[in-house]
Amino acid sequence: MLAKAVHKTYMKALKVAARIIPIPRPTLFSGADSAVELCDAIGLMNIGKLLIVTDKPLVEAGIVGKVERSLSHAGIEFVRYDGVLPDPTYLQAEEGLALYRQEQCMGVLAIGGGSPIDCAKVIAARVTNRKSIKRLAGLLKVWRTPAPLFAIPTTAGTGSEVTVAAVISEPKHHQKTPLMDPKLVPLMAALDPTLMTELPPSITAATGMDALTHAVEAYLSNNATTETDAYATAALKLIHGNLLAAYKDGKSLKVRLNMAMASYYAGLAFTKASLGYAHAIAHQLGAKYGTPHGIANALALPLVLNASLPSASSRMAKLALLTERGDRQWDDETNAKAFISYVVDLQIALGIVRTLPAIQTEDIPALAKNAVRETHWNYPVPHYLTRTQCEQIFTQLKG
Ligand SMILES: NC(=O)c1ccc[n+]([C@@H]2O[C@H](COP(=O)([O-])OP(=O)(O)OC[C@H]3O[C@@H](n4cnc5c(N)ncnc54)[C@H](O)[C@@H]3O)[C@@H](O)[C@H]2O)c1
Ligand SMILES: [Fe+2]
């Protein structure tokens, strides 16, 4: 009871802070070849050499080369750090930072999914803040304006190109830590569907479910506003209309752009309204077992929604109507359950597993403890879950 009361009071304070603290937005370029427009715009800024932060598969796929040609055409010098792996670590951010300093770079351009973008955010923050990554982690710890930061997302999921967050992993202790600060929002971003057509179906599915989880958790958050609701519902409508199509045939530029917009809108929603238990659980699964972030969210979301029914059924009912699963004649609880089954059916149609046998029974108490701690210190969830309830969710996930 006391823990619940402390959480409630702390969240009220966060709600006030969220309304007062301004959150900037990147200048956005969108549509086919918008990455070229972004490079031209950076060229006009005359900021000097850029550090490109990316991963090796994107270099091998020719995606990074395509952007680099646009940079050269715009007269921009650059050097490339391509050592980012899924769920970037402190070490990768430090490696990128060392190259930034050695090459006397003046800005950072992320090309990739959430992993390169988050790594780039941490590098940019470390350039100007004389603090270790550990001390930059948490809420509002980035005191000095980071190095100029630009983002070209190549997945449609994290929304990191517009969010205040960067998630960084500390593999030794199996911890994924979020940095959350408005200063981490990139200056400019490009949503270019021509860079997304080769995204494999499995990653399209996982990242799409990440965007869906952002939209749903933001919509159900106690910090939701009319504005965040508008972005969350726009995102959900786009995901409802395009995710399966992107999974089945990723070549359509229209479908890819719609998913990129969905991810961006969901990012706008959750960067203000925040997230919930599904993300806290997903972060534990990612850190401990390397479960891809979107898969972990897809697995956790229906179970979290089910456990949250006592306080969130009327909001969930609206999502059922939005996804054409509900019926105005039904009561809220029936509609809410229809929305949960919509999420499960989508997960199955996208070929996503339903359970995670990698979870070890003896790990569950610590996983639940960390998930509850992350949630209760960060997320204004509509329904409070105890550690025991969270343990039950991990047990169900184990299958
Ligand atoms: N900062 C935020 O607001 C935020 C929000 C949610 C998640 N995250 C974090 O983002 C990370 C996950 O990011 P992600 O899901 O975008 O995946 P990712 O960046 O880890 O990429 C996954 C894989 O997809 C490949 N890939 C990416 N784009 C491709 C393309 N166009 N074509 C072919 N292959 C491509 C990559 O090379 C990589 O192997 C996690 O660490 C998660 O915690 C951050
Ligand atoms: Fe996410």
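This report walks through the ligand site and the two sheets of the structure above. Keep in mind that the model is predicted.

**Around ligand 1**

Let's start with the ligand. The shell around ligand 1 holds 32 residues, and the ones that come nearest are Asp87, Gly114, Ser115, Thr154 and Thr163. What kinds of residues make up this shell? They divide into 15 nonpolar, 11 polar and 6 charged.

Three side chains offer an N or O atom to an oxygen atom of ligand 1, and here they are side by side:

| Side chain | Distance from its N or O atom to an oxygen atom of ligand 1 |
|---|---|
| Asp87 | 2.7 Å |
| Ser115 | 2.6 Å |
| Thr155 | 2.7 Å |

Taken on its own, ligand 1 has 870 Å² of accessible area, and the protein covers 91% of that. Which elements give two or more residues to the shell? They are α3 (56-60), α6 (114-128), β7 (165-170) and α8 (201-220). Both domains join in, too: domain 1 (22-195) and domain 2 (201-398) each supply at least three residues to the shell around ligand 1.

**The sheet of six strands**

Now for the strands. One open sheet is built from 6 strands, and if you walk across it you meet them in the order β1-β9-β6-β4-β2-β3, with parallel pairing. Why do β1 (27-30) and β3 (78-81) each have a side without a neighbour in the sheet? Both stand at the edges with a single partner strand, so one side of each stays free of a neighbour there. Going from one strand to the next, the twist averages 20°.

For a closer look at one pair in this sheet, try β4 (residues 107-112) and β6 (residues 149-153), which are parallel and pair over 5 bridges. You can find Ile111 standing opposite Ile152 in β6.

**The sheet of three strands**

There is also an open sheet of 3 strands, in the order β5-β8-β7, and its pairing is mixed. The strands at the edges are β5 and β7; each has a single partner strand, so one side of each has no neighbour in the sheet.

How does the mix come about? On one hand, β5 (residues 138-139) runs parallel to β8 (residues 175-180), and 2 bridges join them. Leu139 has Met180 in β8 as its bridge partner. On the other hand, β7 and β8 are antiparallel and pair over 6 bridges. Here Ala166 is the residue that stands opposite Leu179 in β8.

β7 and β8 also form a hairpin, with 4 residues between the strands. One residue to look up in that hairpin is His174, which takes a positive phi near 50°.

Finally, one strand ties the two topics together: β7 belongs to the sheet of 3 strands, and β7 (165-170) also gives two or more residues to the shell around ligand 1.

Technical notes: Residues are numbered from 1 along each chain as its sequence is written. Chains are lettered from A and ligands numbered from 1 in the order in which they are written. This is a predicted model: local features need pLDDT of at least 70, side-chain atom pairs count only at pLDDT 80 or more; totals for chains, interfaces and linings use all residues. Side-chain values use heavy atoms; hydrogens and water are left out. A residue is near a molecule or strand if one of its heavy atoms lies within 4 Å of it. A polar contact is a pair of N or O atoms within 3.5 Å; within protein, one must be able to donate a hydrogen and the other to accept it, and residues adjacent in sequence count only if both atoms are side-chain atoms. Accessible areas come from the Shrake-Rupley method with a 1.4 Å probe; for residues, only the protein chains shown count as cover. Ala, Val, Leu, Ile, Met, Phe, Trp, Tyr, Cys and Pro count as nonpolar, Asp, Glu, Lys and Arg as charged, and the others, Gly among them, as polar. Domain bounds come from an automatic or database domain assignment. Two strands pair if DSSP finds at least two bridges between them. Axes are lines fitted to C-alpha atoms, for helices over the stretch in contact, and angles run from 0 to 180 degrees between N-to-C directions.
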